[in-house]
Each structure stands twice: as structure tokens, then as C-alpha cells.
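Visitor: Please take one part of this model and describe it closely. I should like to know how it sits against its surroundings, with the criteria stated as you proceed.

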Amino acid sequence: MSLNTQVNTDTGSLNQVDAIVVGAGFAGLYMLHRLRDQLGLKAEVFESADGVGGTWYWNRYPGARCDIPSHHYSYSFSEELQQEWTWSEKYAAQPEILSYLNYVANKFDLLRDIQFKTRVTAAVYDEASQCWDVETDTGRRVRAKYLVLAVGTLSSANIPQFKGHGSFKGKTYFTGHWPKDGVDFTGKRVGIIGTGATAMQAIPLIAEEAAHLTVFQRTPNYAAPLVNEPMNADIDRQVKANYREVRDAAWESFAGVPFDKLKPSALDDSQAQREAHYATCWNDGGFSLWIGSYGDILFNREANETAAEFVRAKIREKVRDPAVAELLCPPVGQAYGTKRQPCETGYYETFNRDNVTLADIKRAPIEEITATGLRTASAEYELDCLVYATGFDAFTGSMFKMDIRGRNGQSLQDRWSAGPRTYLGLATHGFPNMFMITGPQSPSVLFNMPLGIEQHCEWISDCIEHMNRNGLQTIEANTEYEDQWIAHVKEIADSTLLPKADSWYLGANIPGKPRVFLVYLGGGKQYKQICNEVVAKGYQGFTLTAGHAHNSARQKSDAALVD
Ligand code: NA7
């Protein structure tokens with residue numbers, strides 16, 4: 001049965017619905033479809049943008065594209081959708097992904113339940129009604145039994161507050177908030193701060209337009225070529241004829257995208273064999289070198305260094321000026337792939353252009369943004385445009401922008417002051433009936449995002465169906481299970497080299513953020529099994545209640561703790 005009524009409270013009337021979903025990207029769209037069209041609930045989505053797309057709405061910077069093949073980087077829930085949508089490139093660019101999400105929104109008639117240009121400012125759990133009271137910047141207030149945060153993992157921009165921030169009189173752009181009508185850099189002196197995955201996509205295209213481009217690099221990065229190409233019609237036909245197998249293979253793989261050349265150990269091969277194998281993976285493109293070459297390069301330093309040296313040699317081959325090449329090569333000691341491996345198309349070659357300069361801001365840090373550009377410890381740069389490609393306050397940034405308060409008025413920031421505390425990356429104690437899609441401590445960014453999102457949306461909607469079918473009012477993660485889950489995530493992460501890098505995977509890119517590794521690294525398949533087992537054991541680790549009137553029916557599902 002669905003709810004769509006008004007309730008009167010001492011602060012005025014609230015619309016009441018079954019579920020509020022925050023965000024209309026890949027996650028929010030599918031969540032709405034599940035809740036509304038499969039469960040028959042009244043669900044409402046709030047989205048701050050004026051259209052769907054989430055991350056793919058905001059990140060319109062030149063060169064933005066996925067680096068998991070488009071056939072994989074798409075929804076699997078509708079066979080009809082899979083058959084009728086045709087990608088034009090192996091790795092789709094942002095405009096095409098955004099068109100796809102608009103197509104999905106129209107096909108499933110989702111737009112009518114999305115409130116655009118509406119930012120959720122607060123979500124407060126009301127003990128009396130055991131519901132969430134959600135406030136927005138448009139003044140709309142809604143009460144809902146369920147609150148689903150589909151706010152994206154990489155959606156809150158990290159904007160470093162350099163001295164003089166805001167004083168630049170030229171044009172400032174943020175890759176994560178790119179103007180809808182694009183930017184024409186023709187004839188401009190452009191500076192870009194950052195050399196992460198985003199910057200590496202944008203730099204070659206900006207360089208083609210700008211009079212001059214200065215790249216401000218703090219840390220060099222290991223990238224591999226994307227090897228994009230127009231969609232091959234035969235491959236498209238083959239995938240469409242076998243989509244079921246393609247998706248099954250994705251779920252069998254560690255990161256939700258299959259690679260068929262993975263060998264156990266780089267150290268088992270001779271140098272010649274290794275180089276040949278790395279070259280094959282390099283030429284395959286995308287993440288093939290990173291997660292499809294040898295199983296031990298992200299676990300063993302010695303194995304890792306063989307891959308690192310292979311990439312350095314490639315950089316030296318591509319970049320003509322040896323001094324620039326050295327600056328672009330991550331030094332020994334900076335492990336390969338422990339930060340997210342960017343995929344590039346002509347990035348390194350861009351530094352062979354006469355109109356491109358690489359500025360080393362590790363050696364000579366940015367001291368001040370000035371009216372005419374910026375000043376580093378060693379030089380003054382006159383600029384017309386300044387681009388920030390400085391990443392995101394990942395995982396928690398967008399959640400913390402809302403004032404989310406659970407039981408006893410405790411804020412989410414407060415509860416997570418030492419780092420996020422979740423059970424399965426789906427829920428957190430003290431915040432009943434609140435779910436996170438691809439939340440901290442789930443596989444999220446180290447898994448194929450659309451597939452991971454689908455698994456979460458399905459788990460959440462199955463849970464809500466279970467609750468409604470059984471007359472249950474609340475579900476809440478138990479702290480013992482949170483503790484165990486956090487320890488489990490940490491233990492797996494610590495067996496790899498990833499926590500040793502200063503990456504956004506553990507919040508190291510944001511000054512003052514607690515350093516906690518935030519991705520479950522056990523692989524999507526294992527994670528899905530765990531989630532399914534939790535359900536099979538009666539939502540083990542969660543407390544489910546029948547509501548105030550039936551507190552005797554409280555089911556504490558913690559009979560057997562996970563070992
Ligand atoms: P990243 O990978 O976090 O990269 C941000 C870049 O900005 C990186 O080169 C940073 O250097 C640089 N940065 C950040 N803050 C500063 C300051 N204060 N001074 C100088 N340089 C700075 O973000 P991306 O957007 O490129 O990629 C994020 C993900 O989006 C990507 O992995 C994909 O999954 C999609 P640093 O390395 O910190 O020295």
C-alpha cells in the first residue's frame with residue numbers, strides 16, 4: 001500500500017510519501033523505478049540540478065568519458081533497454097552517457113516524480129512518527145518512512161582554498177561543475193591545477209584550443225592508454241546476443257568488468273615474458289594493465305615496481321624532452337595503481353606541444369592566486385582562465401552538505417567524526433530506515449558503478465518490500481556488525497598496497513579528513529554474496545521493529561555474529 005497524504009505537525013503541514021530519494025543519477029533513477037514501479041510505493045526524488053545525470057550531469061568538462069567499456073558501463077536491469085540502446089564508442093563520452101540517462105528517465109517515465117532544482121538541506125529522523133522529515137531549499141517539506149541517499153561518491157568538488165582564492169579576475173572553471181554551454185579556450189592562456197584522471201582527460205583537448213596551457217602538477221600519476229574506438233557493429237551485435245553471459249562474466253570478475261589475461265604473479269615470469277604481457281595489456285587499454293595483468297601487483301611491492309617501471313618507460317618513450325618526461329614519471333616508491341589509474345588519450349604526447357608547459361608545484365608550491373593568474377614559489381603565471389581539476393571530497397562530501405540527523409538529533413558528521421561507520425556500506429547505526437547507495441565501505445568506486453548501483457538498489461528495495469510485507473516499521477544497523485564490517489574492510493585493504501598511498505580512497509586528499517580506507521576490496525562477487533547471506537539470515541546484523549505500537553515484536557537479528 002502506498003502513502004500520499006498530508007500530515008499536520010507543530011511546524012506546519014508536511015507532504016507524506018513512502019520514500020525520499022536524494023539524487024537523480026544512475027542510482028536515484030533506478031531506485032525510483034524499483035520503489036515506484038515494482039513496489040508500488042509513492043517515492044519522490046530531489047535533485048539539485050535541472051536535469052538527470054548526477055555525476056554525468058555536472059562533469060561536462062572536455063574529454064569526460066567512462067573508462068569501463070560502455071556495454072558494461074550501463075544498466076542491466078532491462079533487457080529491452082539493453083537491446084534498444086546502441087553506444088557509438090567503445091568508451092562513451094559524457095554527452096552520450098547523459099543522453100542515455102535521459103533516455104532511461106523517459107522510457108521509464110521517471111521525470112514526473114523528480115523535483116529538479118531542489119536541494120535537500122536537512123533530513124531529520126522523527127522519533128515520534130519513526131519517519132524522516134526532509135527539508136529542501138525550495139521550501140518543500142516531506143515526511144517519508146524511508147530515506148535513500150543516492151548522492152554519488154564523487155559529486156562534491158574539492159576546491160583548495162589557496163591564499164587569494166577568489167581574487168582572480170579572469171575566468172575560473174571547476175571540472176566537476178562545468179558550464180552547460182561549454183567553454184571556448186581559443187586564444188586564451190589557460191592554467192589547470194591537477195593531474196588526476198579528470199585533468200588527464202581534459203588537458204589534451206584544452207591544449208588543442210588554448211594559446212597556451214600551463215599544467216600545475218603536484219604529484220605525477222601513472223596512466224595507461226584508454227584505446228577508445230568507434231563501436232564495432234559486430235561486437236555490438238555479439239554483446240547484444242549474449243548480454244546475459246556478458247553481465248554474468250562481469251559479476252564473476254573482481255571489478256565488474258572482465259579481463260581475460262590476468263596471470264597470478266608478475267614475479268613468476270621472466271623479465272621478457274613480463275614485458276610482453278604488460279605490452280599486451282597496455283595495448284588492450286583501459287584498466288587492463290591495472291587489474292587485468294598480474295594478480296599480485298597491488299599486493300606485493302616488488303611485483304608492483306615491475307609494472308611501475310613499465311609505465312615509466314612508456315612515458316619516457318612518449319615525451320620528447322627528458323626533463324619533462326622525468327617530471328611526469330612517478331618516482332620509485334610511489335607504487336603503481338594504488339591511486340586510481342587514470343586512462344589517457346594523448347595525455348603524455350600533449351607535453352610535446354609548443355604551447356604546453358608543465359609546472360612542478362611540488363617543488364615550487366602555489367603561493368597565491370592573484371588578480372592576473374597565480375604565483376608559485378618560483379614564478380608568476382599570467383592567465384586568462386584557471387581550471388580546477390582538483391578532485392572530490394569523495395564518499396562523504398555530498399552527504400555532509402545536508403544536515404542529516406538520526407536518533408536523538410545526532411548528526412551524521414558527528415557520528416562519523418572518526419571516519420564513516422557503516423554496515424555493508426548500506427546503512428549506519430542511529431539512522432533507521434536510511435540507506436546509502438554505493439556508500440562508504442561498499443565496493444563502490446572499485447567496482448563497475450552502474451552494476452554496483454543496481455545491486456544496492458535491488459537490495460534496498462527487496463528490504464523495503466520485506467518490511468512492508470511483514471508490517472515492520474524500522475530497520476537499523478547494529479553497532480557490533482558495523483564494527484565487524486569496518487574491521488573486515490580494513491583487513492582486506494591492509495592486505496593490499498592501496499592504503500599506503502595518499503589517495504581519495506582514504507580521504508587523504510582533503511585536509512583534516514580522517515584517514516580511513518573507504519572501499520570494500522573483496523570484489524563485487526564476494527560482496528554480493530555477503531549481502532545476500534545477510535538477507536537469508538533474516539537481515540542479520542540489523543534490528544527490525546514493528547513500530548511503537550508493537551515494540552514487543554522487535555526482532556534483533558544478531559543471533560550469530562560474523563566471525
Ligand atoms: P583526483 O584523482 O583526486 O585528482 C586531483 C588532482 O588535483 C591531483 O592531481 C591532485 O594532486 C590535485 N590537487 C588537489 N588539491 C590540490 C592542491 N591543493 N594543490 C595542488 N594540486 C592539488 O581527482 P580527479 O577528478 O582527477 O579524479 C577523481 C575520480 O573521478 C577519478 O578517479 C575517476 O574515478 C573519476 P595530488 O595528487 O593530491 O598531489
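Guide: Let us begin with helix H6, whose buried residues pack against helix H3 (79-84) and helix H7 (243-252). Contact here means heavy atoms within 4.5 Å, and helices are DSSP runs (H or I, at least four residues) numbered from the N terminus. The model is a predicted one, in which local features need pLDDT of at least 70 and side-chain atom pairs count only at pLDDT 80 or more, while totals for chains, interfaces and linings use all residues. Residues are numbered from 1 along each chain as its sequence is written, and side-chain values use heavy atoms, with hydrogens and water left out.

H6 covers residues 233-241, and its buried members are Asp 236, Val 239 and Lys 240. Buried means under 20% relative accessible area, exposed over 50%, and partly exposed in between (1.4 Å probe, protein chains only). Viewed down the axis of H6, the buried residues fall within an arc of 95°, so they line one face of the helix. That arc is taken over the directions from the helix axis to the C-beta atoms. The general background is that an α-helix has 3.6 residues a turn, so residues three or four places apart point the same way. Arg 237, Gln 238 and Ala 241 are exposed, on the face of H6 turned away from its buried side.

The start of H6 has a polar contact of its own: a side-chain oxygen of Asn 232 comes within 2.8 Å of the backbone nitrogen of Asp 234. A polar contact is a pair of N or O atoms within 3.5 Å; within protein, one must be able to donate a hydrogen and the other to accept it, and residues adjacent in sequence count only if both atoms are side-chain atoms.

For a setting outside a helix, one may turn to Thr 496, in the loop between H16 and H17. Thr 496 counts as buried, at 5% relative accessibility. Its side chain reaches the backbone oxygen of Ala 493 at 2.7 Å, and a polar atom of that side chain lies 3.1 Å from the backbone nitrogen of Leu 498. Neighbours within four places in sequence aside, Thr 496 is in contact with Leu 298, Phe 299 and Leu 521.

Leu 497 belongs to the loop between helix H16 (479-494) and helix H17 (524-536), and is buried at a relative accessible area of 4%. With neighbours within four places again left aside, its contacts include Ile 297, Asn 304 and Thr 338.

Conventions:
Helices (H or I, at least four residues) and strands (E, at least two) are DSSP runs, numbered from the N terminus.
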